[in-house]
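The following explanation introduces a structure to a reader who has not met it before. It is best read with the sequence and the model in view.

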Number of protein chains: 2
Amino acid sequence: MPELRKDPIIGRWVIIATERGKRPHDFVIEEEVVKGGFCPFCPGNEHTTPPEIFAYREPGTEPNTPGWSLRVVHNKFPALIPQGDLDRQGEGMFDKMAGIGTHEVIIENPDHMTTLTNIPIDGFVGVLSAYRERIRTLAEDPRFKYVLIFKNMGRAAGASLEHSHSQLIGLPIVPELVMEELNGSKFYYNWKERCVFCDMIRQELQQKVRVVKENEEFVAICPFAPRSPFEVWILPKMHYSSYDQLPEGSYRLLAEIFRETLQRLEKSLGKAPYNFILHIAPIGESGLPYYHWHFEIMPKLTLMAGFEWGSGFFINPTPPEDAAQYLREVEL
Amino acid sequence: MPELRKDPIIGRWVIIATERGKRPHDFVIEEEVVKGGFCPFCPGNEHTTPPEIFAYREPGTEPNTPGWSLRVVHNKFPALIPQGDLDRQGEGMFDKMAGIGTHEVIIENPDHMTTLTNIPIDGFVGVLSAYRERIRTLAEDPRFKYVLIFKNMGRAAGASLEHSHSQLIGLPIVPELVMEELNGSKFYYNWKERCVFCDMIRQELQQKVRVVKENEEFVAICPFAPRSPFEVWILPKMHYSSYDQLPEGSYRLLAEIFRETLQRLEKSLGKAPYNFILHIAPIGESGLPYYHWHFEIMPKLTLMAGFEWGSGFFINPTPPEDAAQYLREVEL
């Protein structure tokens with residue numbers, strides 16, 4: 001019997017086709033094959049990207065030369081442009097403004113073949129720390145209201161270059177989906193005086209059926225109402241609304257559970273394309289009692305088709321309980 | 001300079017990358033090639049589908065035999081099942097209910113090679129009339145709150161069979177996106193005492209820059225804030241909130257503008273995959289002064305990637321003014 005399930009944060013319904021119960025081998029997975037060729041993100045080609053705005057590099061090396069372990073540059077084909085004013089205006093009944101923002105690329109490591117599943121743990125910690133540094137820096141620009149950090153892994157997930165990288169977009173408005181999350185979690189908080197994410201973590205750790213992995217400070221779960229088969233969220237057990245509130249020492253534990261989760265996904269699904277997104281409170285709204293930052297990882301196994309476009313809700317052929325069990329039990 | 005544009009109905013922002021201005025040949029279009037092979041939707045194979053629930057057929061022919069010009073059957077792999085009760089219940093803090101609903105397939109015509117771009121106009125009228133008949137019938141079942149009609153054309157748009165067909169899902173709840181549209185247009189109506197869609201049609205017909213085609217009763221436009229390049233909406237000029245309120249005689253004019261729009265898209269983009277969705281008021285809420293039914297056609301030219309998943313808004317590399325001009329001027 002199919003089930004309709006409601007996400008407790010924004011109230012989004014999904015259809016879980018429980019009786020289909022698709023397991024990893026039931027999906028046609030477009031495995032990504034590294035093609036090689038010229039790569040602007042490889043060491044020695046630093047001059048082919050826009051100049052770097054942040055890097056971790058060996059002492060004594062110059063910007064835009066080799067010697068880096070992580071490098072942040074502006075996107076060569078940015079969706080938004082960091083110069084100018086918002087210039088809000090109407091066109092009759094319509095509203096528009098200039099596409100002000102910043103669009104950055106985080107080149108996660110120098111090696112073309114290294115991804116977030118086989119990167120040394122220090123490298124993963126570096127990536128997570130770079131996210132924090134960029135958020136802190138951009139929070140100082142009054143034009144930005146939100147920093148969206150995400151990764152497109154694989155062509156079908158939207159990556160146009162194969163060298164492993166994440167992206168960051170600084171936005172002049174708080175995006176719609178983030179507003180829905182904020183409103184939903186605030187509504188819950190006003191009613192219960194508790195954070196909906198904290199409640200969810202508590203219930204998941206009791207029920208255990210949707211837990212993929214936990215360590216002292218973090219938990220990886222398949223959410224109750226996932227849009228995508230094998231969707232996994234990683235959340236801190238401690239309540240923080242902003243990613244950069246996390247104590248310095250916690251990034252290693254985050255890197256460990258994050259890398260292992262990606263490894264479990266890769267072992268289960270092959271090199272399936274995926275997206276992940278860092279969900280955080282807007283700039284300037286730190287210390288919110290009702291919001292809880294987290295990562296959402298969405299493997300790209302199903303298509304967005306007419307039904308999803310028309311309804312805004314998703315058909316998911318894999319119950320999260322099955323996905324979590326599979327991910328827990330797969331041998332690494 | 002990129003532009004941020006806001007949809008006037010639900011307030012959804014999109015980024016229009018005006019300076020990229022992608023034209024049809026800039027997209028990598030996965031043209032659909034008809035592969036043939038056994039087809040359960042072809043005449044003679046009626047017994048391989050679930051039994052028909054509606055058909056237009058020659059007088060004297062039996063159900064589930066050849067002789068039909070259009071046939072509606074239950075989906076063999078339904079997302080929702082029409083038996084049982086909703087059985088709403090909790091699982092701790094989470095909410096779920098049984099996946100009650102109906103999932104039907106409208107086989108648009110008997111010929112495997114005929115699509116909505118080359119179907120005779122009477123055939124297109126038949127498809128549009130069948131939508132109306134199914135809506136009317138399902139409106140009588142008190143378990144359903146909404147009927148969602150859509151088409152996935154091409155594999156990348158979610159079609160698993162190539163014989164041209166549309167789908168219908170009858171739902172026990174009004175889907176999220178429809179609620180957003182209803183709330184948005186009601187908000188506008190409460191403020192202006194006018195329908196936002198009527199206002200939009202009026203402005204588009206004055207400005208003309210985003211009009212693809214119009215006839216006496218309908219208009220095809222590229223909306224001001226489209227999610228997808230070459231997105232086209234078809235709207236009745238007269239205000240109706242429900243599709244089945246349309247006078248009998250108007251379906252031919254609708255079929256004409258709809259088929260021509262699909263032809264213009266195909267001429268411009270090749271046989272690019274697309275989705276279309278019929279947007280209507282919920283069952284039992286007919287005659288709404290603030291809502292206006294319409295079709296939304298979305299070619300599948302870009303990917304939903306991390307940014308879209310995280311923000312809920314879209315990056316569109318083709319300004320709708322460019323798309324409309326292209327579609328208007330392409331030779332049929």
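The paragraphs below turn from the single chain to the contact between the chains and then to their symmetry.

The model is predicted. Chain A contains six helices and 15 strands. Its radius of gyration is 20 Å, close to the 20 Å that the globule rule gives for 332 residues, so chain A is as compact as a globular protein of that length. Measured out along the principal axes, an expression used here for a computed extent, the C-alpha trace of chain A spans about 60 × 50 × 40 Å. Of the 332 residues of this chain, 48% count as buried. Among the contacts in chain A with a separation of 6 or more, 69% are between residues 24 or more positions apart.

Chain A also meets chain B, and 54 residues from each of the two chains take part in the contact. On the side of chain B that touches chain A, there are 34 nonpolar, 11 polar and nine charged residues. Strands pair across the two chains as well: strand β1 (residues 3–6) of chain A and strand β6 (residues 94–98) of chain B run antiparallel and are joined by four bridges. Within this arrangement, A:Arg5 stands opposite B:Lys96 in β6(B).

How is chain B laid on chain A? A turn of 180° and a shift of 0.0 Å along the axis achieve this with an RMSD of 0.0 Å. That is the relation of a two-fold axis. The same surface serves both copies, since 100% of the contact residues of chain B recur in chain A. Of the residues of chain B, B:Met304 comes closest to the rotation axis, with its C-alpha at 4.1 Å.

How values were computed
Residues are numbered from 1 along each chain as its sequence is written. Chains are lettered from A and ligands numbered from 1 in the order in which they are written. This is a predicted model: local features need pLDDT of at least 70, side-chain atom pairs count only at pLDDT 80 or more; totals for chains, interfaces and linings use all residues. The radius of gyration is taken over C-alpha atoms; the globule rule is 2.2 Å times the number of residues to the power 0.38. A residue is buried if 20 or more other C-beta atoms lie within 10 Å of its own, exposed if 12 or fewer, and partly exposed in between; C-beta atoms are placed from the backbone. Two residues are in contact if their C-beta atoms, placed from the backbone, lie within 7 Å. Ala, Val, Leu, Ile, Met, Phe, Trp, Tyr, Cys and Pro count as nonpolar, Asp, Glu, Lys and Arg as charged, and the others, Gly among them, as polar. Two strands pair if DSSP finds at least two bridges between them. Copies are superposed by least squares on the C-alpha atoms of residues with pLDDT of at least 70 in both.
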